[in-house]
Amino acid sequence: MPPIVSFDRVVFSYDYVEVLHEISFSLRAGEVVGLLGPNGAGKSTSIKIIAGILAPGRGAVSVAGLPLPERAVDVKQRIGYVPEAAALFESLTGQEFLELSGRLHGVEEDTLQMRIREILEAFALSSERSSRLDTYSKGMRQKVLIAAALLHNPELILLDEPLSGLDVNAAIMIKDLIASLAAAGKTILYSSHVLDVVEKVCDRVLIIHKGSLIADGSLDSLRATTHRESLEDVFRTLTHSASVEPGVARIVAALR
Amino acid sequence: MKKYLRGPYTSRLLHAFGIDPVRYWLLIDLFGALSERRELFSQLGRDGMTLQKASWGYYIMSGLLSIVLVIAGMQLNTYATFFLGFSVFLLTAVLLSETSSSLVNPVEALVLSHQPINGATYTAAKLTHLLRMLLHLVPGLSLIPALAGLFLKGCPWYFPPLFVAAEFALGLLVALSSCAVFGWLIRLLPPARLKAVGMTAEALPWLGWMIFQFRRDVFAHIRVPAWTRDAVFGLVVLGVILAVFGLRSLSSDYLVRVAAIAHGRSRAGRRGRSWFGGLVAAMGGGPAARGGYEYVSRMMRRDWQFRRQLLAFAPMTVMMLGGAVRSVKLSPFARGFTAMHMFPHAFGVAFFVICSTIFYGNDHRGAWLFLLAPAGAFRGVARGVYSAFFMLIAAPHAILLPFLFWYWGLADALLFSAYSVAVAATYLAFELRLIEGMPFSRQPEATQNFMVLPLMMAGGFVMAIAVGLQYFLIFHSRAAVLASSAVLCAAAYYLTPLSLESLETSIRFHLGILSAETKAIYHEVGA
């Protein structure tokens, strides 16, 4: 079966600074893949390229066999994307924002209203559906973004820090939701710094460090390669993370 | 009406241009709702109230001009050409700026960039408001001149409808050309350079106008080469091809480039702490004054909206400075008028523009930081802001002084510099009161763009009066200049603390409002 996402030797630069160096990986249908890396490693940039928001500088990217950026509009029709930094139209209500998102994706009106009602109820947002988004808390906004990403029943779901700001119950619900969506055949690329969640929900892990892909494999294979037990230790080993204690000591000393 | 407008015929027409009608109308409704709810401030074409005011302003301006020209008995051809040229100039300036606002700071496009919308649909929806602007502004520019033209000798009865139709056709041409210019810029330029080049493109009409004003003699002697008359058809075809390809490049890949435009900031540079900041702190303002100075002086260089506001005045400033430099050999104390007489008052115009626009900023969302500052800090911040402005007075004078000394001698150079600094400092003391709140802490508003011309005209008028009074009353004797310098120094000395107190109050007041305001979408996405 051909991969649903093919990311082949991709190079990307912001303002002449190369941030992705010939990265290659692929995602197969029904996989839940964790995308890990330190801040500024290139995770969000990779996700944006797959979402058709950024055009790769070199290399080839395709989603469901559709090349990017040439077929970006068709690709966007098939993906659900939860961005890292949530920009929303603040003066719209939650209901209006979801209606806009669904209609732009061409969801039939009755289906759209039914899905909005069900998702908002599941997220305990029904009573706030007519409130403007600028009155929502961070967690409520995140729920709206997740709802908008799912409304059109996409094949591929790109989640960039989806649990940011969510309360404990909502976070548990999203983890279960990811597992259920994967069981239903959806492909999920999940970027996060919360490693225990990645450990629980992902079949496979990609680790990007300084713009290069340094690991690609199942959790068991990464544990075996690095001789570490937890994903946190695997991550620290692969990214050569220094101990945090000296940094803490420096900050405390500077404040004296 | 809405039903017919969105009916099958329009849909077919939109389809023919590669525009998806369903998504197009969804976006039109979205942008309308965002403007109505005051989330999109920065676009003149989406603010009906401001657009109406601008239109009335144009009615008054074109009405006054046509009365003057009809009374002067101008020939009909010259009259029509003058007004068509005037309209093209104004519409080019306003529509270029509006297109730039719509396309170069694409915050709402960032929210929509992962939605399945093709470039043609998005840019068509984004630029439809240019047509709305034409519907408001063109009547303001053309109706009164068209009717007044009937009073000219030999004017046929069909002149008014023909003239108004010609104005609309030219307006449409200008709107399409503005879009095509930005289509080419977006296609050809690296995203990081787009804002800077876009700003320059916006300033071109003003630059052209200033060159025309100052070098009419050159334009009077321009002879169009004969070959261009023969090749006029070819040139028109070339222009149309360029415009069509510009529009096509705008529509084809805009949404793919949006994130790159947003991310492609120019670098801030490696500027460290400035010695003047240290001086400001040491002079009694403390760390807060240093903070205010560093914040304002850096934001003045980096804030895109502020820089593009200033750029509209840049040609006038450059011309004035150029005039001053050209006449630097002539002492203002000698007989006769020189451009150096205008030099001190140029600061008044500059500070008027700066102080009335500096509280708008693209990074206005970052203003929450000031809500955390202790109340006592704002006195220091106000002093820091003043210091940043005072540097704008001190630096040019320090640069100019050796040249003045060389050409005029020490006494005249020092006297003129002292007088000029005193005048500029007095202007600054007054104009500090125009700053409404913390600099760069409010969302840009559409009124800024169309206010450029009236501001330039008003500023030029006030400056002309001040320069005239100064020339006849003061510069006839050095003693009068010395005495005036002393009086103005004293005025600046006493007025400045009062203005700083007022600025401090204004900052506190507006931060109080800010804390209660809802958030708006517009913020800086590049420099």
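A search of the whole predicted structure identifies 23 aromatic pairs over all chains. One of these is formed by B:Phe333 and B:Phe475, whose rings are stacked, with a centre-to-centre distance of 5.4 Å and an angle of 25° between the planes. B:Phe333 is located in the loop between α14 (304-326) and α15 (343-357) of chain B, and B:Phe475 in the loop between α20 (452-473) and α21 (478-516) of chain B; the pair therefore ties together parts that are 142 residues apart in sequence. B:Phe333 has a relative accessible area of 11% and is buried. B:Phe475 is likewise buried, with a relative accessible area of 5%.

A further aromatic pair, B:Phe337 with B:Tyr471, adopts an edge-to-face arrangement, with 5.5 Å from centre to centre and 85° between the planes. This pair also links distant parts of the chain, as B:Phe337 belongs to the loop between α14 and α15 of chain B and B:Tyr471 to helix α20 of chain B, 134 residues apart. Both residues fall in the partly exposed class: B:Phe337 has a relative accessibility of 46%, and B:Tyr471 has one of 24%.

The stacked residues B:Phe333 and B:Phe475 also take part in an aromatic cluster, together with B:Trp408, B:Phe416 and B:Tyr419. Of these cluster members, B:Phe416 and B:Tyr419 fall within the residue range of helix α18 (residues 410-431) of chain B, the element of that chain with the highest mean pLDDT, 93.

With regard to covalent cross-links, the structure contains zero disulfides over all chains. Two cysteines were examined for accessibility. A:Cys202 counts as buried, at 7% relative accessibility, and B:Cys179 counts as buried at 6%.

The confidence of the prediction was considered for the complex and for chain B. The predictor assigns the complex an ipTM of 0.83 and a pTM of 0.75. Chain B has an average pLDDT of 81, and 84% of the residues score at least 70. Among the elements of chain B, the lowest mean pLDDT, 57, is found for helix α19 (residues 447-450). Over residues 518-527 of chain B the pLDDT is below 50, although this stretch has 57 contacts in the model beyond near neighbours in sequence. Predicted coordinates should not be read in detail where pLDDT is low.

How values were computed
Residues are numbered from 1 along each chain as its sequence is written. Chains are lettered from A and ligands numbered from 1 in the order in which they are written. This is a predicted model: local features need pLDDT of at least 70, side-chain atom pairs count only at pLDDT 80 or more; totals for chains, interfaces and linings use all residues. Side-chain values use heavy atoms; hydrogens and water are left out. Rings of Phe, Tyr and Trp (its six-membered ring) pair if their centres lie within 6.5 Å; planes under 30 degrees apart count as stacked, over 60 as edge-to-face and the rest as tilted. Helices (H or I, at least four residues) and strands (E, at least two) are DSSP runs, numbered from the N terminus. Buried means under 20% relative accessible area, exposed over 50%, partly exposed in between (1.4 Å probe, protein chains only). A disulfide is a pair of cysteine sulfur atoms within 2.5 Å. pLDDT is the predictor's confidence in each residue, from 0 to 100. Contact means heavy atoms within 4.5 Å.
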